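Here is a short set of exercises to work through with the structure open beside you. Try each task before reading its solution.

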Amino acid sequence: MVGNFSELKTRLGSGLLAFPATCFESDLAFDEAGYCKSIERNIENGAVGLFAPGGTGEFFSLTPDECQRVTRAAVEVSRGRVPIVGGTGYGTAMAVEFAKASEEAGAQAVLVLPPYLLNVEQAGLERHIDAICRAIGIGVIVYNRDNSIYRAETVARLADRHPNLIGFKDGHGDVEQLVHVRRLL
């Protein structure tokens, strides 16, 4: 699916997106078998795309290797039935590493979670997304929330430069901003 961003956008926009929680053993190791069952249940119950791992999927509790294992497990279970969106975040250098690991694991896109505890200005957000979009050949979805509030003009400039910028996930709730983003794009 790499490179066919129109089809990916259509698939992700066609229904329910799921954010499965990552399963852990009692020693806090990744419970891959339990996680795979959860992924299968999500697909069987109608999810059209899975975020693995995302904010709800314990992204910030996992090492880069664990994130790649979680993403790879979701990709293997899905067998192409639904797109898998890996998680990426932290500062730009680490976000690029996580994004590349998601791509290597077979994800079709990444969700860019907000940088940790930083209030980022528009120029910084733009450079952050630029770096991620340039580093990978899969889709990129920005996550508008908390300390990473993307102005509509910033999103429009990024979308003009990067065909792999395929989505805008809102966790902020400013309806006027969403309308403005939609109008510009």
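**Exercise 1.** Check whether the length of helix H3 (residues 64–78) agrees with the span expected at 1.5 Å a residue.

*Solution.* Keep in mind that this is a predicted model. Start with the count: H3 has 15 residues. The expected span is 1.5 Å times one less than that number, so H3 should span 21 Å. Now take the end C-alpha atoms of H3, which are 21 Å apart, in agreement with the expectation. Finally, look just past the helix: Arg79 takes a positive phi of about 45°.

**Exercise 2.** Find which residues of H3 are buried, and what covers them.

*Solution.* Burial here means under 20% relative accessible area. Going along H3, you should pick out Cys67, Gln68, Val70, Thr71, Ala73, Ala74, Val75, Val77 and Ser78. Next, look at the cover over these buried residues, which includes helix H2 (32–44), strand S3 (84–88) and helix H4 (92–105).

**Exercise 3.** Work out the strand order of the sheet, then place the helices that lie across it.

*Solution.* Six strands form an open sheet, ordered S1-S2-S3-S4-S5-S6, with parallel pairing. Strand S1 (17–18) and strand S6 (165–170) are at the edges with a single partner strand each, so each has one side without a neighbour in the sheet. Now zoom in on S3 and strand S4 (residues 109–112): four bridges join them in the parallel sense, and Thr88 stands opposite Val112 in S4. Then add the helices. H4 lies across S3 and S4 and runs at about 160° to S3. Helix H5 (residues 122–135) lies across S4, strand S5 (139–144) and S6, at about 165° to S4.

**Exercise 4.** Which element gives the largest share of the largest nonpolar core?

*Solution.* This core has 32 residues, and those touching the most other members are Tyr35, Ile39, Leu50, Ile84, Val85, Ile141 and Ile166. Two or more residues come from each of helix H1 (5–12), H2, strand S2 (49–51), H3, S3, S4 and S5. The largest share is that of H3, with six residues. A second, separate core holds 21 residues, among them Ala107, Val110, Leu125 and Ile138.

**Exercise 5.** Is Ser148 buried or exposed?

*Solution.* First locate Ser148 in the loop between S5 and helix H6 (152–161). Its relative accessible area is 0%, so Ser148 is buried. Leaving aside neighbours within four places in sequence, Ser148 is in contact with Pro114, Pro115, Leu125 and Tyr143.

Methods. Residues numbered from 1 in each chain as written. Predicted model: local features only at pLDDT ≥ 70, side-chain atom pairs only at ≥ 80, totals over all residues. Heavy atoms only, no water. Buried < 20%, exposed > 50% of the residue type's maximum accessible area, 1.4 Å probe, protein only. Contact = heavy atoms within 4.5 Å. Pairing = 2+ DSSP bridges. Axes fitted to C-alpha atoms, helices over the stretch in contact; angles between N-to-C directions. Core = buried A, V, L, I, M, F, W, Y, C linked by side-chain atoms within 4.5 Å.
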